[in-house]
Amino acid sequence: MAPQENTPARPGGTAVSADFAAEALQGIDTARERARLTAGLTPAWYGPVAAAALIVPALADAWAQGRGGWAVLLSLLIALAGLGVLLALVNVVRRGSGVMVTLPWSARLRRAGVPLLVLLAAGGATYGLCRQLGADQAVGKIAMFTVLGLGAWVVLVARNASIGRKLRVAG
């Protein structure tokens, strides 16, 4: 009986098999990158809801000032509800993407650090400017939280646009 050779089934030898393997790995890397980018997208409704969750408690607090009693309690409940809405939004968006990519806290802070610092500086400057121009504390808080809410919305829109460009490039 003649010895059988161990030859590849495809013509071209092992180089063809290596090319197929490299191509498959490239496809896996591309799919992984697309999944990571897709997980970072936020729905279009997220920005307005986040802005409202920041602005409405400031409005309720301004309304409750000077009223005392139950108005202050209602203002506190609205503020807690706003915080709850923001926390729920984070979970909804993370789970709604269908891809759970969890980044370590350090990576999350690096990604959100510059926009967060810019938003906080803009909010603080708005509050300071309002107070400097003679507005009372309630108006300053409303203006500050409006800038923070609308700024957060703008950051989300810009981030989605950036991710959309990267997805188009990734193919």
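A residue is taken as buried when its relative accessible area is under 20%. By this criterion Ser 75, at 7%, is buried, and 21% of the 171 residues of the protein fall in the buried class. The model is a predicted one. Its mean pLDDT is 78, and 82% of the residues score at least 70. Among the elements, helix H1 (residues 14–40) has the lowest mean pLDDT, 73, whereas H5 has the highest, 87. Where pLDDT is low, the predicted coordinates should not be read in detail.

The protein contains 5 helices and 0 strands, and its order along the sequence is α-α-α-α-α. Of the contacts between residues at least 6 apart in sequence, 70% join residues at least 24 apart. The exposed area of the protein is about 11600 Å², with 68% of this supplied by carbon and sulfur atoms.

Helix H2 covers residues 46–64. The distance from the first C-alpha of this 19-residue helix to its last is 27 Å, close to the 27 Å expected at 1.5 Å a residue. The buried residues of H2 include Tyr 46, Gly 47, Ile 55 and Pro 57. Several alanines of H2 are buried as well, namely Ala 50, Ala 51, Ala 53, Ala 58, Ala 60 and Ala 64. After H2 comes Gly 66, which has a positive phi, near 85°.

Ser 75 is located in helix H3. When neighbours within four places in sequence are set aside, Ser 75 is in contact with Ala 60, Asp 61 and Ala 64. Of these contact partners, Ala 60 and Ala 64 are listed among the buried residues of H2, while Asp 61 is partly exposed, with a relative accessible area of 22%. Helix H3 spans residues 70–96 and also holds Leu 76. Leu 76 belongs to a nonpolar surface patch that is completed by Leu 73, Leu 77, Leu 80, Leu 83 and Leu 87. Together these leucines have about 600 Å² of accessible area. An α-helix has 3.6 residues a turn, so residues three or four places apart point the same way.

Asp 61 also takes part in a salt bridge with Lys 141, in which the closest N and O atoms are 2.3 Å apart. Lys 141 belongs to helix H5 (residues 137–170) and Asp 61 to helix H2, so the pair ties together parts that are 80 residues apart in sequence. The count of salt bridges comes to 1. Lys 141 is partly exposed, at 22% relative accessibility. Side chains of opposite charge can pair when their charged atoms come close.

Helix H5 has 34 residues, and the 49 Å between its end C-alpha atoms agrees with the 50 Å that this number should span at 1.5 Å a residue. Buried positions in H5 include the glycines Gly 140, Gly 149, Gly 151 and Gly 164. Ala 138, Met 144, Leu 148, Ala 152, Leu 156, Ile 163 and Leu 167 are also among the buried residues of this helix. Asn 160 is likewise placed in H5 and is buried, with a relative accessible area of 18%. Apart from residues up to four places away in sequence, Asn 160 touches Gly 40, Leu 41 and Thr 42.

Helix H4 (residues 105–132) includes Thr 126, a residue that is buried at 18% relative accessible area. With neighbours within four places in sequence left out, the contacts of Thr 126 are Ala 143, Met 144 and Val 147. Met 144 is one of the buried residues of H5. The C-alpha atoms of Thr 126 and Thr 146 are separated by 9.5 Å, the two residues being 20 apart along the chain. Pro 115 is a further residue of H4. Pro 115 is partly exposed, with a relative accessible area of 27%. Between Pro 115 and Val 155, 40 residues apart along the chain, the C-alpha separation is 7.0 Å.

Technical notes:
Residues numbered from 1 in each chain as written. Heavy atoms only, no water. Patch = residues over 30% accessible without salt bridge, like charges linked within 9 Å, V, L, I, M, F, W, Y side chains within 5 Å. Areas by Shrake-Rupley, 256 points an atom, 1.4 Å probe, with all protein chains shown as cover. Salt bridge = Lys/Arg side-chain N within 4 Å of Asp/Glu carboxyl O. Helix = DSSP H or I, 4+ residues; strand = E, 2+ residues; numbered from the N terminus. Expected span 1.5 Å × (residues − 1). Buried < 20%, exposed > 50% of the residue type's maximum accessible area, 1.4 Å probe, protein only. pLDDT = per-residue confidence, 0-100. Contact = heavy atoms within 4.5 Å.
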